[in-house]
Amino acid sequence: MMQEFKDFIAKGNVMDMAVGIIIGAAFTAIVKSMVGDLINPFVGLFMGGVDFTNMYVVLAGEVAEGASLEAAREAGAAVFAWGSFVMAVINFLIIAFVVFMLVRYVNQVKEAAAKKEEEAPAEEAPAGPSELDVLLEIRDALNK
């Protein structure tokens, strides 16, 4: 079992995966900020200023009219926070689209690099003397 584990760790795919996870964690902060700070305000504006985050239904407990979701939870009420779910779905779709565009761009760059590599002419080996040149050299050497 230890040998299998060593073989698994020694494979290049594990290192690629580790790098991907680290880059993904760093990229998550950027995407969250983009979605929360740049895109969601436009979504709210498009939806008439509606903020789904504070949309909920009180299942049990007492909550003041118009209280935020956080205030309802702090009051100990059981709430069905459907607005948070809707915002999570919207955020997921936006993030999925951003990741799709990123992957699409990376694939285009890879294809362009592969195409450029294919188009590059292969270096030809320098041509040596032809058979006739060799025979003429032999003739000249014999005549001396």
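Me: In this predicted model, why is Arg139 called partly exposed?
Reply: Its relative accessible area is 47%. Buried means under 20% and exposed means over 50%, with partly exposed in between. Arg139 at 47% falls between the two cut-offs, so partly exposed is the right label.

Me: Where does Arg139 sit, and how many residues of that helix are buried?
Reply: Arg139 lies in helix H5, residues 131–143. The count of buried residues among the 13 residues of H5 is zero. H5 is hardly covered.

Me: What makes the span of H5 agree with its number of residues?
Reply: At 1.5 Å a residue, the 13 residues should span 18 Å. The end C-alpha atoms of H5 are 19 Å apart, which agrees.

Me: How far is Arg139 from Leu93, C-alpha to C-alpha?
Reply: The two C-alpha atoms are separated by 81 Å. Along the chain, Arg139 and Leu93 are 46 residues apart.

Me: What is the span of H4, and what is expected for it?
Reply: Helix H4 covers residues 82–119, 38 residues in total. From first C-alpha to last it reaches 55 Å. The expected value at 1.5 Å a residue is 56 Å, and H4 comes close to it.

Me: Which residues of H4 are buried?
Reply: Gly83, Met87, Ile90, Ile94 and Val98 are buried.

Me: Why can residues three or four places apart in an α-helix point the same way?
Reply: An α-helix has 3.6 residues a turn, so such residues point the same way.

Me: Why does Ile9 count as partly exposed?
Reply: Ile9 has 40% relative accessibility. Buried requires under 20% and exposed over 50%. Ile9 meets neither cut-off, so it counts as partly exposed. Ile9 is found in helix H1, residues 2–10. Its C-alpha is 54 Å from that of Val63, and the two residues are 54 apart in sequence.

Me: Why is Gly44 counted as buried?
Reply: Gly44 has 13% relative accessibility. That is under the 20% cut-off, so Gly44 counts as buried. Gly44 lies in helix H2, residues 12–46. Its C-alpha is separated by 43 Å from that of Lys115, 71 residues away along the chain.

Me: How do you know whether Leu69 is buried or exposed?
Reply: Its relative accessible area is 5%. Under 20% means buried, so Leu69 is buried. Leu69 is found in helix H3, residues 69–74.

Me: Which residues are in contact with Leu69, leaving aside neighbours within four places in sequence?
Reply: Leu69 is in contact with Thr53, Asn54, Tyr56, Val79, Ala81 and Ser84. Ala81 is twelve residues from Leu69 in sequence. Their C-alpha atoms are 7.5 Å apart.

Me: What is the radius of gyration of the chain, and what would a compact globule have?
Reply: A compact globule of 144 residues would have a radius near 15 Å. The chain has 33 Å. Along its principal axes the C-alpha trace spans about 120 × 50 × 15 Å. Buried residues make up 12% of the 144.

Me: What pattern does the chain follow along the sequence?
Reply: The pattern is α-α-β-α-β-α-α. That comprises five helices and two strands.

Me: How many side chains are positive and how many negative?
Reply: There are 10 positive and 19 negative side chains. The centres of the two sets lie 5 Å apart.

Notes:
Residues numbered from 1 in each chain as written. Predicted model: local features only at pLDDT ≥ 70, side-chain atom pairs only at ≥ 80, totals over all residues. Heavy atoms only, no water. Helix = DSSP H or I, 4+ residues; strand = E, 2+ residues; numbered from the N terminus. Rg over C-alpha atoms; globule rule 2.2 N^0.38 Å. Buried < 20%, exposed > 50% of the residue type's maximum accessible area, 1.4 Å probe, protein only. Lys, Arg positive; Asp, Glu negative; His and termini not counted. Charge placed at Lys NZ, Arg CZ, Asp CG, Glu CD. Expected span 1.5 Å × (residues − 1). Contact = heavy atoms within 4.5 Å.
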